[in-house]
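Reader: I'd like to learn how to read a model like this one, feature by feature. Could you walk me through it?

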Amino acid sequence: MEDVNRLEAFQAKIDREEKIEPKDWMPDDYRKHLIRQISQHAHSEVVGMQPEGQWISRAPSLRAKVVLLAKVQDEAGHGLYLYSAAESLGISRDELLEQLHTEKAKYSSIFNYPTLTWADMGAVGWLVDGAAIVNQVSLQRTSYGPYSRGMVRICKEESFHQRQGYEIISEMALGSPEQKQMAQDALNRMWWPSLMMFGPHDADSPNTGNATKWKIKRETNDELRQKFIDKTIQQATVIGLTVPDPDLKWNEETEHYDFGPIDWSELKEVIHGRGPCNKQRLNHHRKAHNDGAWVREAANAYAQKQRDKKKVA
Amino acid sequence: MSADNQFPQWEVFIQSKTGLPYKHVGNVHAADGELALQNARDLYTRRQEGTSIWVLPTDQIVASNPDDSDAFFDPAEDKIYRAATYYTMPKGAKHI
């Protein structure tokens, strides 16, 4: 009986657009849904450093290099903001990492694609960060306070990412014929995976149900995907690139772009670990974590020594 | 995986400019206070968001309980005479 009353009060609070804070009562499923979603989001930021990190040493100019370095550093920061938010729900950082390493937690499938040329650095910033921004702008209004605050911070920083990506791809698209070809090729490879970042169509989405009622999600997968397409097409046109979709067409009536069918079988393959880079990404993360163990040990030993010294003094 | 822990948690407060109050921005993990400060700098002031940082161990914070907040904040509820707008000023009085 008590839980029924609490559940009603909880829902009423959400309906009044008040945020839920860590110490507030919340249904178990709300907590579980948030831990799953926020940790997946955090892991995506962290694993997302890899496809770009590979290009830091191969950046074509010093300017490009410092920018890419700053961007990858931001992704690490974004991962940490999100781990913080997840931890406020009562899960430890160790558990979160363990779930990633044992593949119980997922990360965005987009990072299981390779980045083959410098043009891919453009496409990743422009499309992958662009898609992430559409999702994250919407999540600024999510009902869980710490997640919402993290999103506000991330959105502020993320717009630099998209602009640097668009700058790279536009320079190439407006460059020599070979450069333009590389830019178009990057767009061709990244376009559909970017659209899949928004998740399955609303009708087939297994996790939507309560997420909408509890205002964890503020807009549906299809709404967000449409927003992304509508604004990206104009940007492609400006730099003379075309998205690889013969069915793409402006619809006067809906005032949106219609687009062709998405090949979900590909996404399923990648989610289930059979994408081009799944093994590489996870192994790299495990290795970096294990290689850093001695640093953590040393820091703990030093801290203990300092505490012991204080006790004696 | 071993019990290879990610260090104690510290809450981070930042003063964006001298003269302004410190504001809670989030937390970091670190083995000790000095490293917590450096982590906080790297994580929360990458764009010159601060001129000064405080860190303190999360488990040292004593917080009010949201379940009791009605009763806890009740003493302030009926004292509207603590607000300046409660008082009637004579017509024509200025700068008050």
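Author: Sure, we'll take the chains in turn and then look at some single residues. Keep in mind that this is a predicted model.

Reader: Let's start with chain A, then. How many helices and strands does chain A have?

Author: Chain A has 13 helices and two strands. For the overall form, set the radius of gyration against the globule rule: chain A comes out at 21 Å, close to the 20 Å that the rule gives for 313 residues, so chain A is as compact as a globular protein of that length. If you like a box better, the C-alpha atoms fill one of roughly 70 × 50 × 35 Å along the principal axes.

Reader: What share of the residues in chain A is buried?

Author: Buried residues make up 51% of the 313. Contacts tell you about the fold too: among those in chain A between residues at least 6 apart in sequence, 78% join residues at least 24 apart. On the outside, chain A exposes about 15600 Å², with carbon and sulfur atoms supplying 55% of that area.

Reader: And the charges? How far apart do the centres of the positive and negative sets of chain A lie?

Author: They lie 8 Å apart, for 42 positive and 45 negative side chains.

Reader: Now chain B. In what order do its elements run from the N terminus?

Author: They run β-β-α-β-α. The radius of gyration of chain B is 21 Å, well over the 12 Å that the globule rule gives for 96 residues, so chain B is more spread out than a compact globule. Its C-alpha trace spans about 75 × 35 × 15 Å along the principal axes.

Reader: What do burial and contacts look like in chain B?

Author: In chain B, 23% of the 96 residues count as buried. Of the chain B contacts between residues at least 6 apart in sequence, 40% join residues at least 24 apart. The accessible surface of chain B is about 7200 Å², and 55% of it belongs to carbon and sulfur atoms. As for charge, chain B has 9 positive and 13 negative ones, and their mean positions are 19 Å apart.

Reader: Can we zoom in on one residue of chain B? Where does Met89(B) lie?

Author: Met89(B) sits in the segment after α2 (69–73). Its relative accessible area is 42%, so Met89(B) is partly exposed. Its C-alpha atom is separated by 50 Å from that of Arg46(B), 43 residues away along the chain.

Reader: Back to chain A. Is Asp230(A) buried or exposed?

Author: Asp230(A), found in helix α10 (residues 221–238), is buried yet has no salt bridge. The nearest side chain of opposite charge belongs to Lys227(A), 9.5 Å away. Leaving out residues up to four places away in sequence, Asp230(A) touches Glu255(A), His256(A) and Tyr257(A).

Reader: Tell me about Glu255(A), then. What is its phi?

Author: The general idea comes first: most residues other than glycine have a negative phi. Glu255(A) has a positive phi of about 60 degrees although it is not a glycine. Glu255(A) is in the loop between β1 (249–251) and β2 (256–258), and at 56% relative accessibility it counts as exposed.

Reader: Which loop holds Glu103(A), and what is the phi of Glu103(A)?

Author: Glu103(A) is in the loop between α5 (93–101) and α6 (118–139) of chain A. Glu103(A) also isn't a glycine, and its phi is positive, at about 65 degrees.

Terms used. Residues are numbered from 1 along each chain as its sequence is written. Chains are lettered from A and ligands numbered from 1 in the order in which they are written. This is a predicted model: local features need pLDDT of at least 70, side-chain atom pairs count only at pLDDT 80 or more; totals for chains, interfaces and linings use all residues. Side-chain values use heavy atoms; hydrogens and water are left out. Helices (H or I, at least four residues) and strands (E, at least two) are DSSP runs, numbered from the N terminus. The radius of gyration is taken over C-alpha atoms; the globule rule is 2.2 Å times the number of residues to the power 0.38. Buried means under 20% relative accessible area, exposed over 50%, partly exposed in between (1.4 Å probe, protein chains only). Contact means heavy atoms within 4.5 Å. Accessible areas come from the Shrake-Rupley method with a 1.4 Å probe; for residues, only the protein chains shown count as cover. Lys and Arg count as positive and Asp and Glu as negative; His and the chain ends are not counted. The place of a charge is taken as NZ of Lys, CZ of Arg, CG of Asp or CD of Glu. A salt bridge is a side-chain nitrogen of Lys or Arg within 4 Å of a carboxyl oxygen of Asp or Glu.
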